[in-house]
Amino acid sequence: MKNSFVLLILLLISIFANAQSDWPRTLETKKGGKIIMYQPQPESLKDGVLIGRAAVSVREIAGNEPIFGAVWYEAKLLTDRDSRMATMESIKITDVKFPDVSDSEKLTQFKKLLESEIPKWNLEISMDALIATIEQETGVVSDELKNDPPKVIYTTNASTLVLIDGEPKLQMDDQIKMQRVINTPFLMVQSTEDKKYYLSGGKFWYVSTSLKEGWKNTTQLPGSIKQLDQQIKEQEKQDEKTESKENETPREIIISTEPAELIQSDGAGVFASIQGTNLLYMSNSEDEIFMDINEQKYYVLITGRWYNASAMKGPWQFISSDKLPTDFQKIPEGTPKDNVLSSVAGTEAAKEAVMDAQIPQTAKVDRKSATCTVKYDGEPKFEKIEGTSLLVAMNTSSTVLQSGNKYYCVENAVWFESASAKGPWVVSSDRPSEVDKIPASSSAYNVKYVYIYDTTPEYVYVGYTPGYMGCYVYGPTVVYGTGYYYNPWYGPYYYPRPVTYGFSMHYNPWTGWSMGFHYSAGFFHMSIYGGGGYWGPPMYRPPYHPPHHGGYYGRGGNTIINTGDININRGRSNNIYNDRKGVATRDTQRGNVNANNKAVPRNGNNQNLDRGKTTQQPATRDAARNPNNVIADRQGNVYQKKTDGNWQQRNNNQW
């Protein structure tokens, strides 16, 4: 048995080193024996620590009966939501159990050796496999959000909703030398020649004598607008922008100065049936519009929230995802509308989406080199956060909190602290105790989802879950945004706040949240000619102050959104820790960076292109001959799934 334990250790180490995706893993011995480790079973994930177990079997000599057992582990996760992979660090083997091995000293030695050797290797785990197998020990806490319906606008022709944050505010833009509407992410300017208003939308321009109505396509541009148009074309050329096919004809422009959503169809609505249900869906629309035949009601999915009405013109009312007609759960996978299953309570897709919302993006922050800069519009101005003793700064794009005599700032999902609201700022090893009490009615709500997991004298281990980016768990599904309207800051600077409605935010199980097709016709110019977005943390809502505005952190030309099904962060990694000084992600930890400290691109299988092969390889990994059909329960009992689908327990060294 001693040699078998050594072989088992070598097997586990080689498995962790190679991190293959096929299970179980098999190692054949010189005597014809075999050691098998079955797929690890995560049990819980809390504060960045993964707890789990795995079943193993040992066969000393060919012909002998295998001995089954289980190992338990705890590991700190370093995650990368881009590649959907996680690396286990600081692995601790907490227990081993082999019912047929009575030598306690040998088991103790086995545990210690595993604990000392396994951390030397990079054990990887697929985040999707993690989500599929994790067994949460406690229920997911649902956010308390606002779900009142926005103004829902239905049109039957190609339209674009232009959202303005309240009444339009014109301000001179010193860079383009004309008046511009600053409280919108769309490019709306006033010509210096005819004093009319012009809106840029892809290769088309629209003109009106009123900012809030009357917009028409025009090809007759005054000189100042022609010059701006040429600058935009040059910018697009530099960014290698490609024209969208949906940008071939002008669109109807709809202005809203209040939270609103646009749904539309290509002509009068045409409905098609969904197999096995009493549901119809609008087949000539890119929006999620349904009709329940039994109720004779329309249902529409907006930002992950369901609303229903007796007519397309409304009025619409919110309906919880667990109160939907049961036929929504019966929508077959593989059909045109199976993507909404993520927003239907009780479906596997919804459960996986909720679980995914608990998986953090993690990083290691260097206390010495990580920096933070906060700029205010004048002297810092703070307001109290309801239900807490915390104060939040209003006249800055950064999230700055005051807790007693101490100040905290969350920048790019890293907590910083200072004795002064103006800094200097250093990496914080804790966060205010009342952060978890911040209500959704506060614009600082998303910092609840930025965590500090561990600290050392040199580093702080941090992470953020999708809540920081606006993805929240509401009951049994996920939604985008809090549903609250947050007043912006107006002064010499304009600081917009996150919004929920207005951009057709929808959830895709593979890509997360993205904007809808309504904006695929080039209406966003998020460069020096754009006003920046309203969504997410500060990197998505830079301040407007001529001439320093637009782009991420005031840098122009980083992103131009121009294609259908727009991702919030197109053109950059979805991991906002990437490319930050003093912040090490999973890729930089593993050396998967290029000379510019950029993450190495990944192929279609989400594997690193430069990942080297390891030298230790198990003799065989024959999943066909050794099916992945053995698991261990929390007590260490081992079960095997029979061909008839039933499970049998291993007792007295036999099934």
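Glutamine 361 touches Thr79, Asp80, Arg81, Asp82, Val462, Gly463, Tyr464, Asn575 and Tyr577, leaving aside residues up to four places away in sequence. The model described here is a predicted one, and the points below take up the setting of this glutamine, the nonpolar cores, the cavities, and a few places where the backbone calls for attention. Two of the residues touched by glutamine 361, Tyr464 and Tyr577, are also listed among those with the most contacts inside the largest nonpolar core.

**Glutamine 361**

- Glutamine 361 is placed in strand E24, which covers residues 361-366, and E24 is in turn one of the elements that give two or more residues to the largest nonpolar core.
- Glutamine 361 counts as buried because its relative accessibility is 0%, a value that falls under the 20% limit for that class.
- A polar atom of the glutamine 361 side chain lies 2.5 Å from the backbone oxygen of threonine 79, and Thr79 also appears among the residues that glutamine 361 touches.

**Nonpolar cores**

- The largest nonpolar core has 45 residues, and those with the most contacts inside it are Leu401, Trp415, Trp425, Tyr464, Tyr468 and Tyr577.
- Two or more residues of this core come from each of E24, strand E26 (391-393), strand E27 (399-403), strand E28 (406-411), strand E29 (414-418) and strand E32 (459-464), with E28 giving the largest share, 4 residues.
- Tryptophan 425, beyond its neighbours up to four places away in sequence, touches Cys372, Val374, Tyr376, Val400, Tyr407, Tyr408, Cys409, Phe416, Glu417, Ser418 and Ser420.
- Another core, of 28 residues, lies apart from the one that holds tryptophan 425, and its members include Ile164, Phe186, Trp215 and Val473.
- As general background, nonpolar side chains in soluble globular proteins tend to be buried together.

**Cavities**

- The structure holds 8 cavities of 30 Å³ or more, and the largest cavity has a volume of about 130 Å³.
- The largest cavity is lined by 16 residues, of which Gly470, Tyr472, Gly481, Thr482 and Pro498 are the closest to its centre.
- Sorted by class, the lining of the largest cavity consists of 8 nonpolar and 8 polar residues, with no charged residues.

**Cis peptide bonds**

- Glycine 314 and proline 315 are joined by a cis peptide bond with omega of about 5°, and proline 315 lies in the loop between strand E22 (305-309) and strand E23 (317-319).
- The peptide bond from glycine 423 to proline 424 is also cis, with omega near 5°, and proline 424 is found in the loop between E29 and strand E30 (426-427).

**Positive phi outside glycine**

- Lysine 195, a residue other than glycine, has a positive phi near 65°, and its place is in the loop between strand E12 (188-190) and strand E13 (197-201).
- Lysine 195 counts as exposed because its relative accessibility is 52%, which is over the 50% limit.
- Glutamine 296 likewise has a positive phi, near 55°, and lies in the loop between strand E20 (289-292) and strand E21 (297-302).
- At 48% relative accessibility, glutamine 296 counts as partly exposed.

**Serine 44**

- Serine 44 belongs to strand E3, residues 41-46, and counts as buried because its relative accessibility is 9%.
- Serine 44 and glutamate 74 are 30 residues apart along the chain, and their C-alpha atoms are separated by 9.7 Å.

Key:
Residues are numbered from 1 along each chain as its sequence is written. This is a predicted model: local features need pLDDT of at least 70, side-chain atom pairs count only at pLDDT 80 or more; totals for chains, interfaces and linings use all residues. Side-chain values use heavy atoms; hydrogens and water are left out. On a 1 Å grid over the protein atoms alone, a cavity is a set of points where a 1.4 Å probe fits but cannot get out, and a pocket is an open set with protein on both sides within 12 Å along at least five of seven lines; lining residues have an atom within 4 Å of a point. Grid points are joined across faces, edges and corners, and a volume is the space filled by probe spheres set on the points. Ala, Val, Leu, Ile, Met, Phe, Trp, Tyr, Cys and Pro count as nonpolar, Asp, Glu, Lys and Arg as charged, and the others, Gly among them, as polar. Buried means under 20% relative accessible area, exposed over 50%, partly exposed in between (1.4 Å probe, protein chains only). A polar contact is a pair of N or O atoms within 3.5 Å; within protein, one must be able to donate a hydrogen and the other to accept it, and residues adjacent in sequence count only if both atoms are side-chain atoms. Contact means heavy atoms within 4.5 Å. A nonpolar core is a set of buried Ala, Val, Leu, Ile, Met, Phe, Trp, Tyr and Cys residues joined through side-chain atoms within 4.5 Å.
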